[in-house]
Amino acid sequence: MQTSQHVFDQYEGHDVTAFQLTNDNGVSATILSQGGLIHEFNAPTADGGHQNVLLSYPTTADYYTNPFYVNMAIGTAAGRTKAAKFVIDGKQVDVTANEGRNTLHGGPHGFSSVNWDGQTAVTDAGATLTLTHHFEGGAGEFPAMDVTITYVLDANNTLSLTYTATSEAPTVFNPTQHVYFNLTGADSIRQQVLQLNTTRHLDVDAEKLPTGDYLDNAGTPFDFSKPTVLGDAIDGMQNTTEKGFDDIFEVKPDADNTIARLSDPDSQLAVTIHSSRNGLVVFTANSFTDDMNLTIGHGKPNMGVALEAQNLSDATRLPQFGDITLKPGEEKSYTIGYHLSF
Ligand code: GAL
């Protein structure tokens, strides 16, 4: 187990630090202080090299040239908050809209926007990075919050992210990591195979806001109950505006919190996602464009698949989705695990 760090580059006038976590099996993860983003998650290959299972960009600035939040930490509220407001205990909090009249992924000053302080260590749990940030709050902002994200790479090839927050005023807390997987580095994930522990997904309106209704997956392209070739499922979505998936699945964690597994049939590579929460967004990068200069090439539809473990979004408006509130005096933590097999 080891950790290291170096100055990665500069972004908006400050140094961006790259923190690397490595285990004894040759698995490594590189996390940037900017946006808490996972720059690379590498599996060792038979020829002594490594395979990055995530989409990546060469520089920090590249990650911010498009609206796709590639691999970034997302919070305080993943997904869309309708009309940039939420109500807790009868009190309305107004925040800033950044997608039409709605607030997407925690708004313009969310977890993805800041340069976090970082500290590495090797502990009994594994190679560890702790990122911390105090969010100031103020008019148009989510209430002030202290947030910690701990990234642990363990001896069993699991990278776990634990998001912990406290706030002095009632707020929402529904963090995720916007990781885009591509297990092989091919220019499309159509050959890769996805299985999800879900029977329903959410109905959404034209603004992609959940209506509160659930739709059954069975008998539709949304049925990922068995390992399913993504290209086949995407072909079944060609009559939708999105021409692919950008959907919120209601997931049922197994005894070990497994909610999803992505695998490549041609190699031994697979990622299993563990989360105790009830939501997973699947976004097949349908709107990626040629002007995106990723390390594996120009952006194109279906170049990666974002698998975003979270609570069903906007749950203060739709309480049937569960509780995403964070109250003064409370500390809440959520963990997402990505287990790599190879
Ligand atoms: C997803 C969302 C998509 C898109 C993407 C980031 O979570 O569902 O509509 O906004 O994030 O670009």
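**Exercise 1. The ligand and its surroundings**

How far is an oxygen atom of the ligand from an N or O atom in the side chain of histidine 105? List the residues that surround the ligand, and find further polar side-chain atoms beside a ligand oxygen.

*Solution.* The model is predicted: local features need pLDDT of at least 70, side-chain atom pairs count only at pLDDT 80 or more, and totals for chains, interfaces and linings use all residues. Residues are numbered from 1 along each chain as its sequence is written, and side-chain values use heavy atoms, with hydrogens and water left out.

Step 1. Take histidine 105. The distance between its side-chain N or O atom and a ligand oxygen is 2.9 Å.

Step 2. Take arginine 80. One of its polar side-chain atoms lies 2.8 Å from an oxygen atom of the ligand.

Step 3. Take aspartate 246. Here a polar side-chain atom lies 2.5 Å from a ligand oxygen.

Step 4. Complete the list. A residue is near the ligand if one of its heavy atoms lies within 4 Å of it. The surrounding residues are Pro67, Phe68, Tyr69, Arg80, Leu104, His105, His178, Lys208, Asp246, Val281, Phe283 and Glu308.

**Exercise 2. The annotated active site**

Which residues carry the UniProt feature "active site"? Place each one, state its burial, and describe the contact between them.

*Solution.* Step 1. Read the record. The unreviewed UniProt entry puts "active site" at His178 and Glu308. Positions follow the numbering used here, feature names are shortened, and annotations may be inferred rather than shown by experiment.

Step 2. Check the spacing. The residues span 131 positions in sequence, yet no two of their C-alpha atoms are more than 5.6 Å apart, so they gather at one spot. Both His178 and Glu308 belong to the lining of the largest pocket. On a 1 Å grid over the protein atoms alone, a pocket is an open set of points where a 1.4 Å probe fits, with protein on both sides within 12 Å along at least five of seven lines; lining residues have an atom within 4 Å of a point.

Step 3. Assign elements. Strands (E, at least two residues) and helices (H or I, at least four) are DSSP runs, numbered from the N terminus. Histidine 178 sits in the loop between strand E16 (176–177) and strand E17 (180–181). Glutamate 308 is in strand E28 (residues 305–310).

Step 4. Judge burial. Buried means under 20% relative accessible area, exposed over 50%, partly exposed in between (1.4 Å probe, protein chains only). Histidine 178 is buried at 4%. Glutamate 308 is buried at 3%.

Step 5. Look at the pair. The two side chains make a polar contact at 3.4 Å. Within protein, such a contact is a pair of N or O atoms within 3.5 Å, one able to donate a hydrogen and the other to accept it; residues adjacent in sequence count only if both atoms are side-chain atoms.

**Exercise 3. The annotated binding site**

Where does UniProt place the feature "binding site"? Decide which of these residues line the largest pocket.

*Solution.* Step 1. The unreviewed entry lists His178, Val179, Tyr180 and Asp246. They span 69 residues, yet no two C-alpha atoms are more than 13.9 Å apart, so they gather at one spot.

Step 2. The pocket lining includes His178, Tyr180 and Asp246 from this set.

Step 3. Valine 179 lies in the loop between E16 and E17. Valine 179 is buried at 1%. Contact means heavy atoms within 4.5 Å. Beyond four places in sequence, valine 179 touches residues including Ile38, Leu54 and Tyr338.

Step 4. Tyrosine 180 is in strand E17. Tyrosine 180 is buried, at 0%.

**Exercise 4. Salt bridges**

How many salt bridges are there? Trace the network that contains Glu250, then treat the pair of lysine 208 and glutamate 242.

*Solution.* Step 1. Apply the rule: a side-chain nitrogen of Lys or Arg within 4 Å of a carboxyl oxygen of Asp or Glu. The count is 11.

Step 2. Glutamate 250 pairs with arginine 200 at 2.9 Å. Glutamate 250 is in strand E22 (residues 246–251) and arginine 200 in strand E19 (residues 198–204), so the bridge ties together parts 50 residues apart in sequence.

Step 3. Glutamate 250 also bridges to lysine 252, at 4.0 Å. Arg200, Glu250 and Lys252 thus form a salt-bridge network.

Step 4. Compare burial. Glutamate 250 is buried at 11%. Arginine 200 is partly exposed at 26%, and lysine 252 is partly exposed at 46%.

Step 5. Lysine 208 and glutamate 242 meet at 3.0 Å, N to O. They are 34 residues apart: lysine 208 is in the loop between E19 and strand E20 (210–216), glutamate 242 in the loop between helix H2 (230–235) and E22.
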